[in-house]
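Student: I'd like to go through this model and ask where its labels come from. Can you set each value against its cut-off for me?

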Amino acid sequence: MKIHQRHAWPLTVEEALPIQQELRKEVITSDQLESVQYVAGVDMGFEDSFSISRAAVAVLSFPDLELKEQAIAKRPTTFPYVPGFLSFREIPAVLDALEKLAIAPDLILCDGQGIAHPRRFGIACHLGVLIDVPTIGVAKSLLVGKHEELPLERGNWQPLVHRHETIGAVLRTRKGVKPVYVSSGHRVSLTTAIDYVMRCTPKYRLPETTRWADKLASNR
DNA sequence: GCGACAG
DNA sequence: ATCTTGTCGC
């Protein structure tokens, strides 16, 4: 798929903050997505003690979730890991991988937060806004917010609240297993996001999309 | 001022 | 995120 460069990649948090503040205004948290035929998962891996970033993308058909295409891209890591600025570290390589795809996905599930972020602009939002594709954030751990305990049965969820605002959902994708943190990335509402995450997660804790991307990102 | 802190 | 197999428990 064709990717258009929106901004140069900053090297420091001081340079990244104003970019984040500008782009966050473009995030859409209501449903603006077409019928989904292809869902993609994105994940990262690193080499040489983090000096090389490796992004992997897996495109699956929806709703049958069969692998249709995959792509990998490597590039030097140029931004440090700073909580709240993950996208500036990971997205450059992700865009390289997406550019290699012949199939343009209708929806992307990201490994990390969407608006469940201190400034409401997690990696799923940043990626979605940059390429104008619907995205959902599916994180394995909490960045900000708090929530009530939730029942152990699969499918249960509780709102994730931060500063009196619902920013996402804590979702049980497997009975008795640690939940995942779901939030809108771009052009997807929270309830729709929860629905897609459930439909992409029929068997394990994480969506099939991210599990495939995970496998590609590590299998060198 | 003191912790907490996606991957 | 990365270094890493088998093992314990439902």
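Tutor: Sure, starting with burial: a residue is buried if 20 or more other C-beta atoms lie within 10 Å of its own, exposed if 12 or fewer, and partly exposed in between. Keep in mind that this is a predicted model. In helix H5, residues 208–218, the buried residues are Glu208, Thr209, Thr210, Trp212, Ala213, Leu216 and Ala217.

Student: What covers the buried residues of H5?

Tutor: The cover includes E1, E2 (52–61), E3 (67–76), E4 and E5 (135–139).

Student: What makes Leu107 buried or exposed?

Tutor: Leu107 has 25 C-beta neighbours inside 10 Å, and the cut-off for buried is 20 or more, so Leu107 counts as buried. You'll find Leu107 in strand E4, residues 107–111.

Student: Which residues does Leu107 touch, not counting those up to four places away in sequence?

Tutor: Leu33, Val36, Val39, Pro134 and Tyr196. On top of that, the C-alpha atoms of Leu107 and Val59 are separated by 9.6 Å, with their positions 48 residues apart along the chain.

Student: How do you know whether Ile115 is buried or exposed?

Tutor: Count again: Ile115 has 25 C-beta neighbours inside 10 Å, against a threshold of 20 or more, so Ile115 is buried. Ile115 lies in a loop, the one between E4 and H3. Setting aside residues up to four places away in sequence, Ile115 touches Val27, Thr29, Arg120, Gly122, Cys125, Ile167, Gly168, Ser183 and Ser184. Ile115 and His186 are 71 residues apart in sequence, while their C-alpha atoms are 8.8 Å apart.

Student: What about Val13: why does it get the label it has?

Tutor: Val13 has 14 other C-beta atoms within 10 Å, which falls between the limits of 12 and 20, so Val13 is partly exposed. Val13 is in helix H1, residues 13–23. Beyond four places in sequence, Val13 is in contact with Val82 and Phe85. The C-alpha atoms of Val13 and Phe88 are 8.9 Å apart, for a sequence separation of 75 residues.

Student: Which residues other than glycine have a positive phi?

Tutor: Asp132 is one of them, with phi near 50°. Arg163 is another, at about 55°. Asp132 lies in the loop between H3 and E5, and Arg163 in the loop between E6 (157–162) and E7 (165–171).

Student: Why do Asp132 and Arg163 get their exposure labels?

Tutor: Asp132 has 14 C-beta neighbours inside 10 Å, again between the limits of 12 and 20, so Asp132 counts as partly exposed. Arg163 has 8 other C-beta atoms within 10 Å, and the limit is 12 or fewer, so Arg163 is exposed.

Student: Where is the cis peptide bond at Pro63, and what is its omega?

Tutor: The bond runs from Phe62 to Pro63, with omega near 10°. Pro63 is found in the loop between E2 and E3.

Student: Now the helices. Why are H2 and H3 called oblique to each other?

Tutor: H2 (residues 86–99) and H3 (residues 123–131) pack at an angle of about 45°, with axes 10 Å apart. Roughly parallel needs an angle under 35 degrees and roughly perpendicular starts at 65, so H2 and H3 are oblique. Their crossing is right-handed.

Student: Which residues of H2 and H3 meet?

Tutor: From H2, Leu86, Ser87, Glu90, Ile91, Val94 and Leu98; from H3, Ile123, His126, Leu127 and Ile131. By type, that contact divides into 7 nonpolar, 2 polar and 1 charged.

Student: And the DNA: which residues are closest to strand B?

Tutor: Tyr81, Leu86, Gly112, Gly122 and Lys140 are the closest, out of 18 residues that surround DNA strand B. That surface divides into 9 nonpolar, 7 polar and 2 charged.

Student: What surrounds DNA strand C?

Tutor: Met44, Gly45, Phe46 and Ser218 do. Strand E1, residues 38–47, gives the most to that surface, with 3 residues.

Student: How do the residues near DNA strand C divide by type?

Tutor: There are 2 nonpolar, 2 polar and no charged. Glycine counts as polar here, so Gly45 goes with the polar ones.

Definitions and conventions. Residues numbered from 1 in each chain as written. Chains lettered and ligands numbered in written order. Predicted model: local features only at pLDDT ≥ 70, side-chain atom pairs only at ≥ 80, totals over all residues. Axes fitted to C-alpha atoms, helices over the stretch in contact; angles between N-to-C directions. Helix = DSSP H or I, 4+ residues; strand = E, 2+ residues; numbered from the N terminus. Parallel < 35°, antiparallel > 145°, perpendicular 65-115°, else oblique. Left-handed = near helix turned anticlockwise from the far one by under 90°. Contact = placed C-beta atoms within 7 Å. Near = placed C-beta within 6 Å.
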